[in-house]
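Dear colleague,

I am handing over the structure we spoke about, and you will find it just below. After it I have set down what was found, with some words on how far the model can be trusted.

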Amino acid sequence: TVIFNACDGRTRTLFQSSDKRFDVNTDGTVTLKRRVTLHEGHKVFSVDAWDSSGKKHTVSVRVERVHHHHEDHHMDTVMNISSPQTFSHSDDLVLMFPKSSSGLKRAKRGWVIPPFSILEDGKGPFPQKLHQIKSDFDKEAQMQYRITGEGADLEPNGTFIIDRLSGNLFVTRPLDREKKASYRLIAHATGVDVNIVETPMEIIVNVMDQNDNKPVFTQNPFSGSVTEAADIGHEFMTVTATDADDPETDNGVISYSIVKQDPELPKPNLFIVNSVTGGIRVNALGLDREKWSRYTVLITATDRAGEGYVTTGTAVITVTDSNDNAPQFEQTTHTVSVPENKVEAEVARLTVTDGDEPGSPA
């Protein structure tokens, strides 16, 4: 059974399986639509569900083949459902060492199990049980367990511990994906007072991201310039922000928007920002360097694609000159006198002004 808590009181949910051989009823029950052969002894597929806001949530389902002796027949059953989104504390989550052929002797084959995931920033209480490690030999003799590797006897030491006799695996503290995104543990099982040694089993623990980091602008303020003659749609600068959360999830997806333009003249929406790239472009005509030579634009960067944490920054935009003013005589008519018989005498001084930037070709 797949359990989906939408927090709205619904008892039935629409599920969709990625493997069409399996069906998931509205109560979460996983059933077979037709005969399935598990060539490798297991099958992993995903199941999607949608909450009331239309957001999709995904869980992975692992179906394993286990043998039960019943009237000399073998029966396949579905077991071990694990989720990459939320960690279950079910005591049914048991990681089995591969079964040897027979008798008390060294196991010949290793077994690679799918990675399992834990949400970062767990609230405990700690130590928190994750899984149980179990050897098939425990039916024949008492077994003892230990773990080595990252987070066990290597840094960060003691993050994971295992109960020596039960094989229960625990995490002892909250995990931080931004510090370490996965751990590689090696599980060992040996017999107590009997010569049994299991082949060590690799366990990968992935730390799942939570939205625990705000976006950060790469600089503040940003500086850019645009010519006053720029056309609508002209992109002239880019603002950027980073987020330490997982970029493969919405937690690390940043959306940009413009909140305010100062001055709001000649209109308040002269500029627009691309919500994905952060590129700022001209949104309306009306730029005039001779009247408004600089704008300060307030920009936000929001993670979770615009629905999470918000960071505010500014962009200072300088409007550069274009040759949009003709020279003007201060006087259009001059009345002057000139002395006779004087070569190169100055008759008059004509004064001309130009609204474009002084010293520039314009």
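Before the details, one term is needed: two strands are said to pair if DSSP finds at least two bridges between them. Please also keep in mind that this is a predicted model.

With that in hand, strands E19 and E20 (residues 279-282) run antiparallel and are joined by three bridges, and in one of the partnerships phenylalanine 271 has valine 282 of E20 as its bridge partner. Both strands belong to an open sheet of three strands, in the order E16-E20-E19, with antiparallel pairing. Strand E16 (235-238) and strand E19 (271-273) are the edge strands, each pairing on one side only, while neighbouring strands in this sheet are turned against each other by 25 degrees on average, direction ignored.

Elsewhere, histidine 39 sits in the loop between strand E3 (30-32) and strand E4 (42-50). Histidine 39 counts as exposed because its relative accessible area is 73%, where exposed means over 50%. Its C-alpha lies 9.6 Å from that of arginine 65, with the two residues 26 apart in sequence.

As for confidence, the chain has a mean pLDDT of 83, and 85% of its residues reach 70 or more. Over residues 69-92, however, pLDDT stays under 50, and the model has 52 contacts beyond four places in sequence for this stretch. Residues 100-112 are also below 50, with 26 contacts in the model beyond near neighbours in sequence. Where pLDDT is low, the predicted coordinates should not be read in detail.

With best wishes

Notes. Residues are numbered from 1 along each chain as its sequence is written. This is a predicted model: local features need pLDDT of at least 70, side-chain atom pairs count only at pLDDT 80 or more; totals for chains, interfaces and linings use all residues. Side-chain values use heavy atoms; hydrogens and water are left out. pLDDT is the predictor's confidence in each residue, from 0 to 100. Contact means heavy atoms within 4.5 Å. Helices (H or I, at least four residues) and strands (E, at least two) are DSSP runs, numbered from the N terminus. Axes are lines fitted to C-alpha atoms, for helices over the stretch in contact, and angles run from 0 to 180 degrees between N-to-C directions. Buried means under 20% relative accessible area, exposed over 50%, partly exposed in between (1.4 Å probe, protein chains only).
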